[in-house]
Amino acid sequence: MSSPDAPPPDALPADALPAVAPQLRSLRRRAGLTLEAAARSATMSPAHLSRLETGRRQPSLPMLLALARVYGTTVSELLGERVADQDAVVRAADMEPTRAGGWTYWQSGAPGRGMQALRVHVPHGSQGDIVRVHPGEEWLHVLRGRLRLRLGDTAHLLGPGDSAHFDSLTPHRLAAEDSDGVDLLFVHTLLQSPTATLCLGPAPGDLGETP
């Protein structure tokens, strides 16, 4: 039987601790949170968070994900990593398309940022019944075509030049109104999810929702 202080199976290796412990304390203070407030938001005890900040316990990946959300940062920053010489300009020629679930995405922002920017093409009849719910915020802007956007129980029809900005925990559905699809600019703050996971979302049945 393992001791109470044994690291969880998914804990980080011990050699990661020197960078993690001081970063956890520094980022909590930067966020203006007491130990008790940060621990409560991350659903852990203040004593456990204190042990993480002093290097007496190894943080697991779920703990780091929770703390990154609380502090408004990334797991990479919690680990003390820095992105060096990041280019602020993303050239059109460097935007490689990625396809998932019928949608096409072009990564339009730099990696490692607090916001992720995409250009998206949504074909007609693709994923229009999928309900998406996840942490973060979303902002979208219609470039071409018309978008059917459902937020909770409210339906909206957006045309070129229209935008929407909403909390991603609000159940939402996106679908192209026109037969030739719709093109969007899309910005989200979900730091840890890959493009396909973010945009495909869970199936309606997983949420107890009906189309």
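This passage describes the fold of a single chain in a predicted model, from its overall composition to selected side-chain arrangements.

The chain contains six helices and nine strands. Of its 211 residues, 38% count as buried. The surface that the chain exposes amounts to about 11500 Å², of which carbon and sulfur atoms supply 54%. Among contacts in the chain with a separation of 6 or more, 66% are accounted for by residues 24 or more positions apart.

Strands of a sheet pair through backbone hydrogen bonds, either parallel or antiparallel. In one open sheet, six strands are arranged in the order β1-β2-β3-β9-β4-β7, with antiparallel pairing. Its edge strands are β1 (97-100) and β7 (163-167), each of which pairs on one side only. From one strand to the next, the twist in this sheet averages 25°.

Within the six-strand sheet, β9 (residues 182-188) lies between β3 and β4 in the strand order. Strand β3 (residues 116-122) is joined to β9 by seven bridges, and the two run antiparallel; here L118 has F186 as its bridge partner in β9. Strand β4 (residues 137-144) is likewise antiparallel to β9, through six bridges, and E138 stands opposite H188 of β9. Strand β4 also pairs with β7 in the antiparallel sense, over five bridges. One of the residues involved is E137, whose bridge partner in β7 is D167.

In a regular strand the side chains alternate between the two faces of the sheet. Strand β9 shows such an alternation: V182, L184, F186 and H188 point to one face and are buried, whereas D183, L185 and V187 point to the other face and are not buried. The bridge partner of L118, F186, therefore belongs to the buried face of β9, as does H188.

The loop between β3 and β4 includes V133. Residues count as partly exposed between the limits of 20% and 50% relative accessible area, and V133 falls into this class because its relative accessibility is 27%. Although V133 and D167 are 34 residues apart along the chain, their C-alpha atoms are separated by 9.3 Å.

A second open sheet consists of three strands in the order β6-β5-β8, again with antiparallel pairing. Strands β6 (154-158) and β8 (172-176) stand at the edges with a single partner strand each, so one side of each is left without a neighbour in the sheet. The twist averages 15° from one strand to the next. Strand β5 (residues 147-151) and β8 run antiparallel and are joined by five bridges; L149 has L174 as its bridge partner in β8.

Among the helices, α4 (residues 61-71) has the buried residues M63, L64, A66, L67, A68 and Y71. This helix is followed by G72, which has a positive phi, near 65°.

Aromatic side chains were also examined. A pair of aromatic rings is described by the distance of the centres and the angle of the planes. One aromatic pair is found in the whole structure. The ring centres of W103 and Y105 are 6.2 Å apart and the planes lie at 40°, so the pair is classed as tilted. Both W103 and Y105 are buried. A further arrangement involves a charge and a ring: the charged end of R119 sits over the ring of W106, at 4.2 Å from its centre.

Methods: Residues are numbered from 1 along each chain as its sequence is written. This is a predicted model: local features need pLDDT of at least 70, side-chain atom pairs count only at pLDDT 80 or more; totals for chains, interfaces and linings use all residues. Side-chain values use heavy atoms; hydrogens and water are left out. Helices (H or I, at least four residues) and strands (E, at least two) are DSSP runs, numbered from the N terminus. Buried means under 20% relative accessible area, exposed over 50%, partly exposed in between (1.4 Å probe, protein chains only). Contact means heavy atoms within 4.5 Å. Accessible areas come from the Shrake-Rupley method with a 1.4 Å probe; for residues, only the protein chains shown count as cover. Two strands pair if DSSP finds at least two bridges between them. Axes are lines fitted to C-alpha atoms, for helices over the stretch in contact, and angles run from 0 to 180 degrees between N-to-C directions. Rings of Phe, Tyr and Trp (its six-membered ring) pair if their centres lie within 6.5 Å; planes under 30 degrees apart count as stacked, over 60 as edge-to-face and the rest as tilted. A charge sits over a ring if NZ of Lys or CZ of Arg is within 6 Å of the ring centre and within 35 degrees of the ring normal.
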